[in-house]
Amino acid sequence: MAIQGPIPIGFEQVFPHGCYIVGEVEQVKDFTASTNGRTVYAKDKTTGELVWQVAVMDADPTVKAGQKTVSVKILSPVQPVPPAPLPGLPFVPVEFDAMTVTAYVGQNTGRLAWSIRARAMRAPRTAALPAPAKNTVTAGKEAA
């Protein structure tokens, strides 16, 4: 099979309605390498960079309540900084760059699940307003 390792994917494909940070950015612990009182933090097997994670809530209104919050892992040599909060919003909107997904079977459920990774997080880009249409018909007359 040609697919091996993480599958590159766009932010809009994972979160078409956007997402919001609902937790702190935390360094991922390597529970296998950690021993009595000595914590070892996870590093990416390919790049060797530290692995961080942040809980986000999917803004898709059709997602079931129990599936709305997911963890996104971020590969970075330093702790990623979330975007600044926006006035009047209870959660911080966020977008991720250079995303990948890896399929796995959940140990507790036996169902297909996805591990989501990214290289960076940032404030969402604002959508550009559409340009006015040319040559539209208004009240029976053509507009230039």
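This is a short walk through the fold, the pockets, the salt bridges and the surface of the structure above. The model is a predicted one, so please read every value here as computed from predicted atoms.

Let us begin with the overall plan. The chain has 144 residues, and 28% of them count as buried. Its secondary structure consists of 1 helix and 11 strands. If you follow the chain from the N terminus, you meet a strand, then the helix, and after that strand upon strand, in the order β-α-β-β-β-β-β-β-β-β-β-β.

With that plan in mind, we can look for empty space. Rolling a probe the size of a water molecule over the atoms shows where such space is left. The largest pocket has a volume of about 760 Å³. It is lined by 25 residues, and those closest to its centre are Q67, V70, A113, W114 and I116. Several elements give two or more residues to this lining: helix 1 (11–14), strand 4 (51–58), strand 5 (69–75), strand 7 (99–105) and strand 8 (112–118). Strand 8 gives the most, with 5 residues. What kinds of residues make up the lining of the largest pocket, by class? There are 11 nonpolar, 10 polar and 4 charged residues.

The second largest pocket has a volume of about 600 Å³. Of the 20 residues that line this pocket, D44, K45, K73, S115 and R117 are the closest to its centre. Here the elements that give two or more residues are strand 5, strand 7 and strand 8. The largest share of the lining, 3 residues, comes from strand 8. By class, the lining of the second largest pocket divides into 7 nonpolar, 5 polar and 8 charged residues. Strand 8 is therefore a good element to keep in sight: it gives the most to the lining of the largest pocket, and it also makes the largest share in the second largest pocket.

Two of the residues closest to the centre of the second largest pocket, D44 and R117, lead us to the next topic, the salt bridges. The structure holds 4 of them. In one, the side chains of R117 and D44 meet, with 2.8 Å from N to O. R117 sits in strand 8, while D44 belongs to the loop between strand 3 (26–27) and strand 4, so this pair ties together parts that are 73 residues apart in sequence. Are the two partners buried or exposed? R117 counts as partly exposed because its relative accessibility is 22%, whereas D44, at 13%, counts as buried.

Another salt bridge joins R119 and E49, whose closest N and O atoms are 2.6 Å apart. This pair, too, links distant parts of the chain: R119 lies in the loop between strand 8 and strand 9 (120–122), E49 lies in the loop between strand 3 and strand 4, and 70 residues separate them. R119 is partly exposed, with a relative accessible area of 38%. E49 has a relative accessible area of 17%, so this residue is buried.

A further salt bridge connects D97 with R122, the closest N and O atoms being 3.0 Å apart. D97 is in strand 6 (residues 92–97) and R122 in strand 9, 25 residues apart, so to speak two distant parts of the chain linked by one pair. D97 is partly exposed, with a relative accessible area of 25%, while R122 counts as buried at 18% relative accessibility. The pair does not stand alone, as salt bridges that share partners join E95, D97 and R122 into one network.

Just past D97 comes a residue with a special backbone angle. A98 has a positive phi of about 55 degrees although it is not a glycine. A98 lies in the loop between strand 6 and strand 7. With a relative accessible area of 53%, A98 is exposed, because exposed means over 50%.

Our last stop is the surface. Which residues make the nonpolar surface patch of about 600 Å²? They are M1, I3, I7, L112 and W114. Among them, I7 lies in strand 1 (residues 7–9) and counts as partly exposed, at 33% relative accessibility. W114 is a residue you have already met, as one of those closest to the centre of the largest pocket.

How values were computed. Residues numbered from 1 in each chain as written. Predicted model: local features only at pLDDT ≥ 70, side-chain atom pairs only at ≥ 80, totals over all residues. Heavy atoms only, no water. Patch = residues over 30% accessible without salt bridge, like charges linked within 9 Å, V, L, I, M, F, W, Y side chains within 5 Å. Areas by Shrake-Rupley, 256 points an atom, 1.4 Å probe, with all protein chains shown as cover. Helix = DSSP H or I, 4+ residues; strand = E, 2+ residues; numbered from the N terminus. Buried < 20%, exposed > 50% of the residue type's maximum accessible area, 1.4 Å probe, protein only. 1 Å grid on protein atoms, 1.4 Å probe; cavity = no way out; pocket = protein on both sides within 12 Å on 5 of 7 lines; lining within 4 Å. Points joined across faces, edges and corners; volume = space filled by probe spheres on them. Nonpolar A, V, L, I, M, F, W, Y, C, P; charged D, E, K, R; others polar.
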